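User: I am new to this structure and would like to go through a few of its features step by step. Please explain how each answer is reached.

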Amino acid sequence: MKLPSLLAICLLASPTLAEEGGARELQIPVKEDVAWPAFIPAGATQARPCPLLVACHGAGHTADGFYNVLLETARKQGMALLAPQGFMPVGQGFTWNASPEENAALEKAIRDLLKEHSGIDPKRILWLGFS
């Protein structure tokens, strides 16, 4: 299955960890000892903003695993990427429980990412889920 076809779906992250040719990989702090990976592509500016893909992993998987699967596609497509992680442990990973805490963390991560990085277009936020 080609990943670009998965991107026909439809939302987000803070401190810089790595930069490559203007692209930035970030870790968005969510709670103590928890941070979600994010990517901002090279060339994303307020004058030329990019879309944001919020990619939610499947049950029993992790944010890092899903992020690594989608990173090259996001880089090639020139889109920002946020990979949140569910809070409920299951198997060797996590799952989503839609708790108020989990929902608030996701909303805050998106708001923070948009606030910190004016190169993301708030009108082009896409969600991708896998289960």
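User: Which residue follows α2, and what is the sign of its phi?

Analyst: In this predicted model, helix α2 covers residues 63-77. The residue that comes after α2 has a phi near 70 degrees, and the residue with this positive phi is Gly78.

User: What distance between the end C-alpha atoms of helix α2 should one expect, and what distance is found?

Analyst: Helix α2 holds 15 residues, and at 1.5 Å a residue these should span 21 Å. The value computed from the model agrees with that expectation, since the end C-alpha atoms of α2 are 20 Å apart.

User: Where does α2 bend, and is the residue there buried or exposed?

Analyst: The bend in α2 amounts to about 40 degrees and is located at Leu70. The buried residues of this helix include Phe66, Tyr67 and Leu71, and the list also holds the residue at the bend, so that by the cut-off of under 20% relative accessible area the answer is Leu70, buried.

User: How are the rings of Trp36 and Phe87 arranged, stacked, edge-to-face or tilted?

Analyst: The count of aromatic pairs comes to 1. The ring centres of Trp36 and Phe87 lie 6.3 Å apart with their planes at 45 degrees, and because this angle is neither under 30 nor over 60 degrees, the pair is tilted.

User: How many residues apart are the two partners of this pair along the chain?

Analyst: Trp36 belongs to strand β3 (residues 34-40), whereas Phe87 lies in the loop between β5 (80-82) and β6 (88-90). The pair therefore links distant parts of the chain, and the separation is 51 residues.

User: Which charged residue sits over the ring of Phe87, and at what distance from its centre?

Analyst: Phe87 is itself counted as buried, because its relative accessibility is 14%. Over its ring sits the charged end of a lysine, and the residue and distance are Lys31, 4.0 Å.

User: In which sense do β2 and β3 pair, and which residue in the turn has a positive phi?

Analyst: Strand β2 (residues 23-31) and β3 pair over 7 bridges in the antiparallel sense, with Glu25 standing opposite Phe39 in β3. The two strands form a hairpin with 2 residues between them, and the turn residue whose phi is positive, about 65 degrees, is Asp33.

User: How many disulfides are counted?

Analyst: Cys50 is buried at a relative accessible area of 5%, and Cys56 also counts as buried, at 13% relative accessibility. A disulfide would need a pair of cysteine sulfur atoms within 2.5 Å, and by this rule the count is 0.

Notes: Residues numbered from 1 in each chain as written. Predicted model: local features only at pLDDT ≥ 70, side-chain atom pairs only at ≥ 80, totals over all residues. Heavy atoms only, no water. Helix = DSSP H or I, 4+ residues; strand = E, 2+ residues; numbered from the N terminus. Expected span 1.5 Å × (residues − 1). Bend = angle between axes of the 7 residues up to and from the residue. Buried < 20%, exposed > 50% of the residue type's maximum accessible area, 1.4 Å probe, protein only. Phe/Tyr/Trp six-rings, centres within 6.5 Å; stacked < 30°, edge-to-face > 60°. Lys NZ or Arg CZ within 6 Å of the ring centre and 35° of its normal. Pairing = 2+ DSSP bridges.
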